[in-house]
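Trainee: Please give me a close look at the lining of the second largest pocket: how does it divide into nonpolar, polar and charged residues? A connected account, with the largest pocket alongside, would serve me best.

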Amino acid sequence: MSFRLSQRDKDIIAFINQFRAVDRDSLVDLFFRQLKSPVNACNSVMIRLYRLGLIERTQQYSPTVYLPVDAKIKKNSQKILHFLSILGVYKQMCTYSTPKQVIVEDKPTGRKGGIEPDLFCIFKGSPFWIEIQRNQYSEQKMQAKINLYEEFFFSDKWKSLHWQPEDRSAIFPSVILITTVRYAVPCDHIRIIQVASIHELMEKYKSSPKQTKEASVRSPASSSGIKINLT
């Protein structure tokens, strides 16, 4: 069978491969919003791509959730909800500014047992590792997770990650915990931000240029250039 894919088709397939599980309504928001009948247009495109064998889908959810053709998760797996929560955070960011250098389930240490944030991205000029807590952890377990970030900070290996700027000093990302629970997790060397959503994050850092500058001055000196400027 011969067929020609549009650039939008290719972008949709790449996006599904990147985020692992993408619901129909998110595709409508991200790729079809500008059309007269966005839902109908999306359904038509997704049915065509599915029939061509370029994507998979599961109808265990409503609306339909689309998966990569080589997805290694079962169509009724709870892991799908995990990936949809990552997508939800990304979509919240997009309402303010499209994140860059997006990595889903980043593994910056390159080894098992190191830090494994749900999402890495550069958002409004600042790098972030994002942990999405769908379940409540004990404070001991959360502290152990934060300790891994500090361990990586002192390794200096983060300075050679591919997204680091070439024209200035390396930056260690701030860590955002998306959680409805506030954990007492002291950390002297990296910035930990606990918020319930990206919307709360944006409200938290909505400040005048003077306040933003003062916040930057108060950043831990050992964090080597972390900036939080989300306005």
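Mentor: In this predicted model, the lining of the second largest pocket divides into 9 charged residues (Asp, Glu, Lys, Arg), 5 nonpolar (Ala, Val, Leu, Ile, Met, Phe, Trp, Tyr, Cys, Pro) and 1 polar (any other, Gly included). Of its 15 lining residues, Arg-20, Ile-73, Lys-79, Phe-83 and Glu-105 lie nearest the centre. Within that group Arg-20, Lys-79 and Glu-105 count as charged, whereas Ile-73 and Phe-83 count as nonpolar. The space in this pocket is about 260 Å³, taken as that filled by probe spheres set on the grid points. A pocket is an open set of points on a 1 Å grid where a 1.4 Å probe fits, with protein on both sides within 12 Å along at least five of seven lines; lining residues have an atom within 4 Å of a point.

The largest pocket holds about 320 Å³ and is likewise lined by 15 residues. Its lining has 5 nonpolar, 5 polar and 5 charged residues. Nearest its centre lie Asp-118, Glu-131, Gln-133, Tyr-137 and Lys-145. Strand E6 (126-132) and helix H5 (139-155) each give two or more residues to this lining; these elements are DSSP runs, of at least two residues for a strand (E) and at least four for a helix (H or I). The larger share comes from H5, which gives the most, with 3 residues. Glu-131 falls within E6 and Lys-145 within H5.

Residues are numbered from 1 along each chain as its sequence is written. Local features need pLDDT of at least 70 and side-chain atom pairs 80 or more, totals for linings use all residues, and side-chain values use heavy atoms, without hydrogens or water.
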